[in-house]
Amino acid sequence: MSKLDAKIPEGPLAKKWTKYKASQKLVSPNNRKKLDIIVVGTGIAGAPAAASLAEMGYNVKVFCFQDSARRAHSVAAQGGINAARNNKNDGDSVYRLFYDMIKGGDYRAREANVYRAAEVSSAIIDQLTAQGVPFAREYGGTLANRTFGGVQVSRTNYAQGQTGQQVLLGGYSALKRQVALGKATMYSRRQMLDIVVIDGKARGIITRNLITGEIERHAAHCVVLATGGYGTIYYLSTLAVQSNASAAMQAYRKGAYFGNPSFIQIHPTCIPVLNEYQSKLTLMSESLRNDGRIWVPKVKGDKRNPNDIPDEERDYYLERRYPAFGNLVPRDVASRAAKERCDAGYGVGKTGLAVYLDFRDAVAKQGKKAIKGKYGNLFDMYEKITGDSPYETPMMIYPAGHYTMGGLWVDYNLQTTVPGLFAIGEANFSDHGANRLGASSLMQGAGDGYFIAPYTVSNYLADEITTKVPSTDLPEFEEAHNKVVERINKFLNINGTKTASSFHKRLGHIMWEHAGMKRNEEGLKKALEEIAALKKEFWSDLKIPGKADELNQELEKASRVADFIDLATLIVRDALNRKESCGAHFREESQSEGGEAVRIDKEYSYVAAWEYQGDDKEPKLHKEQLKFENVEVKVRSYK
Amino acid sequence: MKIKLNIWKQANPKAKGRFEKYELDGVDPEMSFLEMLDSLNEKLIKEGKDAVAFDHDCHEAICGCCSLYINGRPHGPGEEVATCQVHMRAFKDGETITVEPWRAKGFPVLKDLIVDRNAFDKIMSAGGFVSIDAGQAPDANSILVSKVDADKAFDAAACIGCGACVAACKNSSAMLFVAAKVSQLALLPQGKVEAKRRALNMVAKMDELGFGSCTNTGACEVECPKGIGIDFIAKLNREYLCASFGEAE
């Protein structure tokens with residue numbers, strides 16, 4: 001029996017969600033107050049989900065590892081949030097947004113989920129605006145829009161270059177309101193360390209109080225994971241340094257399948273690596289490609305000041321290779337093109353691992369003031385880090401690990417293969433296929449949180465109204481609790497010589513080298529060996545100072561790195577299995593003569609969902625065949 | 001570079017803290033301050049010593065986690081920077097750098113350089129929102145907002161909730177933090193409906209949680225990593241006064 005039933009409602013694509021809502025099971029307001037929900041994570045999916053479910057009347061317990069819900073890394077999203085509102089009268093529609101996402105994702109996403117994400121996108125902007133999110137406005141008072149990569153319409157709403165912050169704070173404020181009303185209870189500085197499954201259903205979690213070290217048990221009727229992505233697998237990435245995959249890995253170990261783990265977006269415009277101590281890479285929003293032109297010198301090793309290189313000696317390689325989309329090709333295409341130029345020896349900067357993003361023409365045409373209005377804070381951020389002003393000299397950029405399209409496999413209900421365990425936002429795999437388009441992560445996360453999970457979670461809870469919240473003294477809680485304590489003691493007792501961060505850094509090197517922008521069979525097999533060796537070393541030579549029952553950041557790191565190591569193996573296995581190139585997953589064996597990605601639809605038009613079989617055992621592959629009934633599957637071309 | 005560090009160490013909220021001296025060699029001027037602390041910890045752990053605990057996360061001055069008081073200034077040297085944007089090039093070779101946590105009654109120390117900023121969440125819960133449930137919103141374009149108001153509201157909304165304003169203030173006042181949220185929402189039509197309640201409740205909660213009153217010295221504005229100005233405090237005072245004299249809601 002295959003458990004992989006995506007539970008997609010019957011009927012035409014545009015009617016599926018309406019039909020679902022009309023026929024789903026409901027919970028009456030009186031019964032909602034008897035039902036408890038755990039939400040883990042407070043980013044752009046988690047905070048809205050928690051707030052919206054609490055508004056409906058459920059009792060919500062919310063967890064985050066940061067000191068405040070407002071700090072989740074969605075806060076750092078810069079450029080914007082898409083919505084199919086056709087504000088610019090330029091031919092946008094729900095179908096067009098859906099089509100762009102399916103195509104952008106290189107035909108590896110599930111049609112029904114993507115269509116629904118596009119369908120609810122407009123309501124998100126209404127909701128956020130009503131909450132007081134200060135979106136950019138035109139002089140007439142209406143919403144302003146801009147364009148993002150991979151599309152030919154202007155559908156992106158923004159708040160300068162801090163859209164994620166504003167959108168997240170909208171959700172956060174809604175959550176704070178529910179906390180004040182007593183419908184939501186906030187547990188900050190908690191790391192989720194296990195999921196408790198009772199009679200096959202997710203019924204609770206085990207957390208560690210990061211201040212006291214106390215291991216805590218929490219029970220509920222269902223659990224919603226909104227724990228984000230795992231781009232920090234590369235150590236250096238655009239994510240916050242504490243972003244981690246631990247919750248997802250605990251879910252995976254408890255039976256939730258992991259979907260397309262190797263689909264990881266490498267963002268093309270980041271500040272390049274500057275030195276070996278670096279702990280993180282800083283993103284420069286994709287919106288910059290609206291006005292910035294990307295180039296490298298036509299001559300290898302041209303060390304002249306970029307401003308002294310005349311136009312005819314510059315290679316605007318994106319405009320040359322992709323005339324239709326130019327600098328606004330999707331992220332995967334832009335990243336690989338940058339790597340190709342640098343690998344061929346045309347890269348700039350100290351390391352040769354950088355390309356120029358030049359605003360000279362935009363400043364000349366629109367004036368400094370207009371450019372400042374659009375990108376002021378990004379230019380300031382760049383200058384603070386590098387000491388160079390992008391108004392005067394071109395930015396230097398290079399790709400970096402960013403967003404994970406892969407994640408926990410979910411059905412149309414956003415439910416994992418463990419009943420009662422939901423995954424929303426970046427934590428699930430569902431909407432972006434093999435590549436995500438810009439400004440659609442906030443859209444998907446917020447859509448899941450405000451307008452999808454409240455319905456689908458209710459549909460699940462309708463069958464639980466007579467169930468009592470389980471006692472945390474049950475053997476299942478006891479066992480999970482003991483396992484967590486055992487694992488922590490194991491970390492502390494190794495007493496070796498190397499820090500958790502040093503292992504993370506080495507893991508990042510392995511992954512970037514062999515499972516980054518380009519992958520091949522030989523490299524991936526080598527990565528498997530290297531990760532296995534690193535794992536052995538980790539578990540025999542790790543050193544953590546301090547104790548378990550205190551604030552111990554090294555212990556937190558170690559626990560996360562241990563999970564990253566296991567996830568790395570899973571990513572590599574998935575990348576090995578998929579012998580085609582699609583979206584961000586580029587297998588060197590599968591490319592055209594011109595170096596473009598070649599999909600193999602006959603063999604790989606499926607979601608790879610991996611089932612855990614035990615530590616160090618090969619996971620079992622399940623395939624969800626993708627059906628495209630509403631778009632024609634084509635070679636993705638941006639030429 | 002070689003530097004000397006004078007860092008506040010405190011095992012837990014109840015323990016007595018003290019300054020601990022460290023020396024660190026081979027510091028690259030291009031390192032960020034946080035990366036310098038990482039390498040200090042790497043060294044301490046290898047020597048079998050306890051690491052220095054400090055809060056940090058996004059490293060791009062937007063999450064508001066980092067909260068170090070460096071050489072007597074919240075977030076250290078530089079204008080409109082958070083700790084994560086401070087680089088070692090801002091210090092001299094051989095310099096002694098003193099690092100402390102935020103010092104404020106409202107922000108008790110949890111360990112070393114980490115403080116508890118839960119009070120800000122509580123102030124937000126007292127009124128830092130618009131009371132609207134998911135699904136109730138009107139069309140966003142039916143609420144026209146002038147560009148000037150939207151931009152001004154954005155300037156206030158840029159607050160990252162780090163608490164530098166409190167740390168900079170000799171009265172440990174949270175006025176700038178409260179002013180930013182009250183102003184953002186009062187400037188927008190969506191927030192005007194409950195503007196009075198919001199101003200009264202947020203200020204009352206701020207007072208209750210042990211934050212002092214405004215000194216009018218402007219230290220908060222100088223140290224705010226997002227450049228939020230004290231004109232918003234004037235706006236808060238106006239909102240608060242009008243609410244105090246207005247009819248009860």
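**Chain B against chain A, and a few buried residues**

In this predicted model, 73 residues of chain B are in contact with 75 residues of chain A, contact being heavy atoms within 4.5 Å. Put the two chains together and about 6,000 Å² gets buried, with carbon and sulfur atoms giving 52% of that; buried area here is the accessible area (1.4 Å probe) that two parts lose on being put together, summed over both. Of the area that chain B buries against chain A, 12% comes from D57(B), E60(B) and F154(B), more than from any other three residues.

A word on bookkeeping: residues are numbered from 1 along each chain as its sequence is written, and chains are lettered from A, ligands numbered from 1, in the order in which they are written. Local features need pLDDT of at least 70 and side-chain atom pairs count only at pLDDT 80 or more, while totals for chains, interfaces and linings use all residues, and side-chain values use heavy atoms, with hydrogens and water left out.

On the polar side, the rule picks up 5 salt bridges across the interface of chain B and chain A, taking a side-chain nitrogen of Lys or Arg within 4 Å of a carboxyl oxygen of Asp or Glu. R85(A) and D139(B) are joined by a salt bridge between their side chains, at 3.2 Å from N to O. There are also 39 residue pairs in polar contact across this interface, both residues at pLDDT 80 or more (N or O atoms within 3.5 Å; within protein, one able to donate a hydrogen and the other to accept it, with residues adjacent in sequence counting only if both atoms are side-chain atoms). By class, the side of chain B that touches chain A has 36 nonpolar, 17 polar and 20 charged residues (nonpolar: Ala, Val, Leu, Ile, Met, Phe, Trp, Tyr, Cys and Pro; charged: Asp, Glu, Lys and Arg; polar: the others, Gly among them).

As for cysteines, the structure holds 0 disulfides over all chains, a disulfide being a pair of cysteine sulfur atoms within 2.5 Å. For C63(B), the closest cysteine sulfur is that of C58(B), 3.7 Å away and so too far for a bond. C58(B) is buried, at 1% relative accessible area, and C63(B) counts as buried at 3% (buried is under 20%, exposed over 50%, partly exposed in between, with a 1.4 Å probe and protein chains only).

Over in chain A, D358(A) is buried too, with a relative accessible area of 6%. Its side chain makes a polar contact with the side chain of W295(A) at 3.0 Å. Neighbours within four places in sequence aside, D358(A) is in contact with residues including D291(A), R314(A) and P394(A).
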